[in-house]
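Here are my notes on this one, jotted down while going through the model. Have a look at the structure first, then see whether you read it the way I do.

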Amino acid sequence: MHFITRFIFLLGIIFVSNQVSADSVIVDKSFEYKNVRQLLQLIRTDRNSQLSDVKKRGDWISDLDISPLEDHQALWGKIHISYQGNQSQQYAMIISNPNLDIVDVFVIDKMGRIRNSVNMGAARPFSNRPIHFRQFAVPMDLLPGDELDIYLRFIDDGPMVFALEYWKTQNFSTSEQINLVIIGLVSGGLLTSFLYFLCTYTILRSPIRFWFSVSTLCFALLFLNVEGIIGQVSGLSSYISLITTLCIGMAVFASTKVAHLILHGVPMVWRATSYTCAVLIVLAGFILDSYWQIIVASGLAIVNVGLQLILSMSYRNQHDSLPNRLYVIGWMIIAVTALTSITFYLNGISLSMPFSLIYIVLMLFGLLIIAVAIEVHEEVLIKFRQQRQGDLINDLRQFYDIFRNSAEGLYSATLDGDLITTNPAMCKLFGYENEQEMLQMVKKTSQLYASPEDRDVLVGRLLEQETTAGIEIKGRRKDGSVFWGMVSAQVREEEERKLLYGSVIDITERKQSDINMEYMATHDSLTGVYNRREFEKRLRKSLEQTKISNEPLTLLYMDLDQFKIVNDSCGHKAGDILLKQLSQQLNDVISDKGILARLGGDEFGVLLEGEYADTSFLIANKLLNAVKEFRFIWDNRIFSLGISIGLVPYNENVFTTEQLLSMADAACYTAKEQGRSQIHTYSDENEHIQRYESELEWVNHINRALEDDRFELYYQHYIPLKKMASGHHYEILLRMRNADNDVVPPAAFLPAAERYDLTAKIDRWVIDNTFKWFNENREHLDALGRCNINLSAHSLADNDLRLFVLNAFEKYKIPYKKICFEITESMAIVKMQETLEFIKTFRQLGCFFALDDFGSGFSSYGYLKNFPVDFVKIDGGFVKDLLTDPIDLAMVTSINDIAKAMGIGSVAEFVESKEIMVELGKIGVDYAQGYGVAKPQALKDFIPYRDII
């Protein structure tokens with residue numbers, strides 16, 4: 001940086017004209033002008049030093065120290081004038097720095113007398129100046145042979161930079177006229193630019209033009225102030241420094257506004273930084289002295305210009321980058337010119353007129369380029385607006401086409417209801433021929449509503465929310481017919497009035513469909529009476545009201561008798577028709593006395609309240625008689641039916657709808673058990689109801705155990721009686737953990753599970769958890785000979801279970817040959833076809849099958865040959881007493897002989913002693929299982945049989 005400064009300093013020396021090194025100024029008849037600053041001898045003294053004190057000093061120097069004077073100092077200068085002309089002549093000494101606060105000039109002749117003295121300066125009245133000139137000028141009349149010493153005294157708080165010129169008065173006048181012409185041209189150009197952009201701003205209302213006009217005005221005032229014109233015209237020469245700083249600050253602020261308007265998307269942080277620079281420059285004018293005003297203002301201005309240049313390259317106009325490029329070039333020219341000029345000034349270099357003129361032209365050229373950039377920017381914006389207007393026109397055309405051709409009815413109206421515009425779809429929707437007819441006939445939009453209050457509600461919502469969507473209303477057509485419509489609307493303010501813009505679509509079909517869907521959601525699709533969901537909903541509501549009002553309430557639970565006969569003999573189609581016909585008969589009996597609902601396949605419920613609840617038994621009896629009298633005819637066959645009815649009146653011990661339905665179901669079950677086609681009133685002391693409710697309670701326990709994983713796998717070893725066992729042989733058993741974590745035996749919960757079809761879910765749990773345990777204990781699986789798993793008849797009939805089991809074998813990688821499925825004989829006979837298909841599927845894969853509890857049925861031998869099983873498990877009822885009962889011994893012997901004849905293995909259950917095991921070995925039974933062999937244990941704590949004995 002120092003090298004650059006010295007380079008600029010040397011460059012300025014080249015352009016300084018008539019620099020001399022002589023000790024005095026020689027003035028002869030050919031003399032016209034001379035820059036005598038280099039001949040000036042200088043000394044810094046106390047501010048109170050007088051001329052007489054200074055004249056005695058001998059420590060004068062020729063080098064100018066431009067640093068500011070201290071508060072108590074004054075700068076003195078002296079120069080010698082030698083006039084060699086032969087006649088008197090007028091000359092003038094010009095001090096070119098209008099900012100100097102105090103300038104005193106003393107002219108001393110060769111006799112040491114003061115010929116002339118002048119006290120002037122920016123801090124003194126302008127009238128003190130002998131020549132009313134923008135700079136400081138001292139006139140001198142030289143006589144032949146004059147030898148003059150001129151002393152100059154300066155006091156100022158700024159840099160001590162000034163030019164000192166000696167002119168022949170006539171030449172000075174000519175030069176000043178030229179300078180004033182140049183100043184006039186420059187300031188005139190700047191003011192013209194200001195007026196042009198200000199006028200165009202008033203016409204175009206373009207902010208960038210306004211701020212550029214402010215910027216050029218600030219530059220014009222700055223130029224005039226630096227040249228001393230403002231001080232000369234206004235007489236306010238003491239405020240030159242302040243005015244200069246303020247003009248710089250305002251110029252920076254206005255230029256920054258121009259930059260941010262010409263650029264695109266400048267972040268707020270950079271905007272704030274730029275404006276802060278301008279504000280700090282203005283504050284510097286009021287706080288700092290002249291020297292620091294120059295330093296701070298110049299530094300902040302340079303920082304701001306640099307920042308704007310960087311922003312100009314980073315945030316270009318998206319539509320055209322030419323304005324940015326021109327803007328950057330203009331500011332670079334101004335910045336370089338200003339930086340060079342300030343550097344010369346701070347180095348104490350005064351520039352000659354030609355060089356100053358070059359600087360002025362460069363500055364004006366930079367401003368001109370910025371002005372061109374603004375014009376180009378405006379042109380780009382105009383083109384962009386024209387393009388946007390063209391796009392908007394196209395959009396309007398498209399909107400008009402959409403408005404005209406929209407399938408939705410579109411309209412606009414005032415908030416008072418005056419219809420303004422409408423489209424063909426709107427006309428068609430309301431039954432009008434065209435828009436003109438509709439606008440003429442519809443005086444108020446309330447005519448379009450079946451209920452005018454609906455429009456008031458719609459407008460109220462719009463005033464509150466400004467937009468609404470999907471409001472369903474009933475509209476009225478031209479012919480008076482009513483339809484369902486959906487209105488969406490919004491309120492917008494245009495031309496100082498609020499207008500309503502809306503759309504209407506016909507939703508009559510959908511509304512009808514919704515009504516149908518609502519009906520279907522609450523009614524049984526086959527019979528047309530209420531479905532279970534709606535019935536339970538209404539029952540729950542009635543129950544809550546009854547608890548408050550103590551009004552009587554009764555629930556009837558009805559189950560048809562002999563309905564299965566019709567279904568099995570005539571098919572489901574006949575069964576559906578029977579239910580429809582019978583439902584109508586039941587509904588005729590109930591009428592408006594209560595609520596009738598279909599709760600299940602052939603189950604119905606009736607809810608009676610108030611006075612009808614008090615006569616519930618009579619109504620139930622009418623229902624019973626209606627069913628008894630009903631005859632169903634199908635394919636020339638006549639069927640008569642019965643119905644079992646459970647009646648439950650509400651009491652204070654009923655808390656939920658589920659409890660009330662359960663009580664009614666139990667009463668209905670009791671009616672069936674007591675002979676069907678009768679009415680039974682619920683009583684919690686009835687033995688049948690207690691047993692039924694107990695089973696229902698076990699159903700809840702089973703479901704919770706399945707959900708909470710509270711079942712537990714047990715196992716029981718069985719052993720061969722003829723040879724040594726090869727691997728583990730055992731049967732998987734099941735236990736349940738109750739809420740107290742006590743073990744519940746299967747005899748307690750399996751009857752309820754079989755009655756309420758839960759055995760298939762239990763079988764799934766057993767298979768999945770057994771296979772999972774095998775997968776986690778692969779060494780045990782390798783040592784396993786055979787594992788027996790029980791399957792219920794419901795599982796055998798469940799095709800999904802078959803797929804589930806196949807997937808479990810694959811999922812846990814269990815060898816098929818290690819699994820033997822046990823099928824209960826009695827259940828297998830009931831589900832024979834499904835059982836055979838299941839056995840066939842898994843025997844082909846390698847599984848074994850055993851027929852469990854063999855001998856307990858009446859036709860065991862007859863069915864045995866139909867089941868391709870691998871083992872029969874002799875019913876324990878024959879085994880446990882065979883030592884004392886010869887018939888049991890004969891039965892066991894007979895079953896074993898039949899099995900051997902068919903090539904089937906035999907397993908004896910309930911082997912409770914070693915003696916029974918010995919007798920079974922004599923008979924020839926293959927395996928023994930029972931407490932005499934091993935007791936059931938938890939599978940997770942498995943112990944091999946050899947460790948037990």
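**Notes on the sheet, an aspartate and the cysteines**

1. Let's start with the sheet, bearing in mind that this is a predicted model. Four strands make up an open sheet, ordered E2-E10-E5-E8, with antiparallel pairing. Strand E2 (33–35) and strand E8 (136–142) are the edge strands; each has a single partner strand, so one side of each is left without a neighbour in the sheet. From one strand to the next, the twist averages 20 degrees.

2. Now the E2 edge. E2 pairs with strand E10 (residues 163–168) in the antiparallel sense, over three bridges. If you want a spot to zoom in on, Tyr33 stands opposite Trp167 in E10.

3. What lies across strand E5 (89–96) and E10? That's helix H3 (residues 169–204), which runs at about 115 degrees to E10.

4. Asp602 deserves a look. You'll find Asp602 in the loop between strand E18 (594–598) and strand E19 (603–609). Asp602 is buried yet has no salt bridge: Lys672, the nearest side chain of opposite charge, is 5.9 Å away, and the salt-bridge cut-off is 4 Å. Setting aside neighbours within four places in sequence, Asp602 is in contact with Met558, Asp559, Leu560, Phe563 and Leu579.

5. Last, the cysteines. How many disulfides does the structure hold? Zero. Why does Cys427 count as buried? Its relative accessibility is 1%, and buried means under 20%. Cys570 is buried as well, with a relative accessible area of 17%.

Methods:
Residues numbered from 1 in each chain as written. Predicted model: local features only at pLDDT ≥ 70, side-chain atom pairs only at ≥ 80, totals over all residues. Heavy atoms only, no water. Pairing = 2+ DSSP bridges. Helix = DSSP H or I, 4+ residues; strand = E, 2+ residues; numbered from the N terminus. Axes fitted to C-alpha atoms, helices over the stretch in contact; angles between N-to-C directions. Contact = heavy atoms within 4.5 Å. Buried < 20%, exposed > 50% of the residue type's maximum accessible area, 1.4 Å probe, protein only. Lys, Arg positive; Asp, Glu negative; His and termini not counted. Disulfide = S-S within 2.5 Å.
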